[in-house]
Amino acid sequence: MGAALHRLIIIDNKSMSLPTVAGLSKFSTVDYPGYLCAVIYTQGCPCRCRYCHNTSLQPGQGSSVMSWSTIMGWLTTRKGLLDAVTFCGGEPTVHKSLLLAIKQVKALGFNVALHTSGLYPHNFANLLPHLDWVGFDVKAPFARYPDITRIPGSGGKVKESLERMLSRNVSCEIRTTIHNTILNGADLVLMAQELRMIGVSRWVLQRFNKAGCADLELIASPTTIDGDLVARLRAYVPNILVR
Ligand code: SF4
């Protein structure tokens, strides 16, 4: 998920103290639509999606190079220059202390965006009242999630997070990465039906991006997004953007 790394890593302290910051993308125009933002990357994601382009952020431990107080000091100098801070990963919601970090960023006057796979519905629900925008990855039909993430039961957790987010009317983008080796037409039709049932009316289909991907088979395999299929999907989710 998220942008290419420049990079910032957050590692939860063992206590509920604020995260430790290890890197930073100081300026982005693509990680929060319509806003100029800094991007904070968090270390750790339990998923093992084949198309992941931030695989170095999957392990739970990583090197820390910047303190949270340093990043807060830097953000103080960005008031009036940046609109927002986007938390990205890895999977940011794996960190319970993310809520404290978000509150501190908001107290400086910045909007806060989050990129998430929705794997932790309870933690995500606690964050929702403080989020201005969410980029939410829907990876597969819910029953097929373990094929993508390698985590049993992950589809049910993502569905719960998605329902909680939609019930709060949080501004969001629901997006799916498309590679024909991983999702076929039947999968996408089933996803469209499931998304409609939940109340999704806008869906972004993202072409697989080989940058940073470590899966040589995926990189070597051709993949397309078929226009006729997209037209069929629009019967269920009317507003589909392909990018
Ligand atoms: S959810 Fe998948 S794509 Fe996103 S960081 Fe984790 S492994 Fe990578």
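Where in the structure is the place of Lys139? In this predicted model, Lys139 sits in the loop that runs between strand E7 (133–137) and helix H4 (145–149). Lys139 is buried and yet has no salt bridge, the nearest side chain of opposite charge being that of Asp137, 4.2 Å away. Because a salt bridge requires a side-chain nitrogen of Lys or Arg within 4 Å of a carboxyl oxygen of Asp or Glu, the 4.2 Å separating Lys139 from Asp137 does not qualify. When its neighbours within four places in sequence are left aside, the residues in contact with Lys139 are Cys49, Tyr51, Ser117, Tyr145, Ile148, Thr149, Thr176, Leu183 and Met191.

**Salt bridges**

Side chains of opposite charge can pair when their charged atoms come close. The structure holds 10 salt bridges, and three of them are set out below.

| Pair | Closest N to O | Relative accessible area |
|---|---|---|
| Glu217 and Arg50 | 3.1 Å | Glu217 48%; Arg50 23% |
| Glu163 and Lys159 | 3.1 Å | Glu163 35%; Lys159 33% |
| Arg243 and Glu173 | 2.7 Å | Arg243 38%; Glu173 7% |

In the salt bridge between Glu217 and Arg50, Glu217 belongs to helix H7 (residues 216–220) and Arg50 to the loop between strand E4 (37–41) and H1, so the pair ties together parts of the chain that are 167 residues apart in sequence. Glu217 counts as partly exposed, and Arg50 is likewise partly exposed.

The side chains of Arg243 and Glu173 also meet in a salt bridge, and this pair links distant parts of the chain, with Arg243 in the segment after strand E10 (239–242) and Glu173 in strand E8 (residues 172–178), 70 residues apart. Here Arg243 is partly exposed, whereas Glu173 is buried. Both residues take part in a network of salt bridges that links Asp137, Glu173, Arg175 and Arg243; Asp137 is thus a member of this network as well as the nearest side chain of opposite charge to Lys139.

The pair Glu163 and Lys159 lies within one element, helix H5 (residues 154–167), where the two residues are four apart and therefore separated by about one helical turn. Glu163 is partly exposed, as is Lys159.

**Helices H5 and H1**

Helix H5 has 14 residues and reaches 20 Å from its first C-alpha to its last, close to the 20 Å expected at 1.5 Å a residue. Its buried residues are Ser154, Gly155, Val158, Ser161, Leu162 and Met165. These cover an arc of only 125 degrees around the axis, which puts them on the same side of H5. The elements that cover the buried residues of H5 include helix H3 (121–127), E7, H4, E8 and helix H6 (185–198). After H5 comes Asn169, whose phi is positive, near 55 degrees.

In helix H1 (residues 68–77), the buried residues are Trp68, Ile71, Met72, Trp74 and Leu75. Viewed down the axis of H1, they fall within an arc of 160 degrees, so they line one face of the helix.

**Cysteines**

The structure holds zero disulfides. For Cys88, the nearest cysteine sulfur is that of Cys37, 9.5 Å away; because a disulfide requires two cysteine sulfur atoms within 2.5 Å, Cys88 is in no disulfide. Cys88 is buried, at 0% relative accessibility, whereas Cys172 is partly exposed, with a relative accessible area of 25%.

Notes:
Residues are numbered from 1 along each chain as its sequence is written. This is a predicted model: local features need pLDDT of at least 70, side-chain atom pairs count only at pLDDT 80 or more; totals for chains, interfaces and linings use all residues. Side-chain values use heavy atoms; hydrogens and water are left out. Buried means under 20% relative accessible area, exposed over 50%, partly exposed in between (1.4 Å probe, protein chains only). The arc is that of the directions from the helix axis to the C-beta atoms. Lys and Arg count as positive and Asp and Glu as negative; His and the chain ends are not counted. Contact means heavy atoms within 4.5 Å. The expected span of a helix is 1.5 Å times one less than its number of residues.
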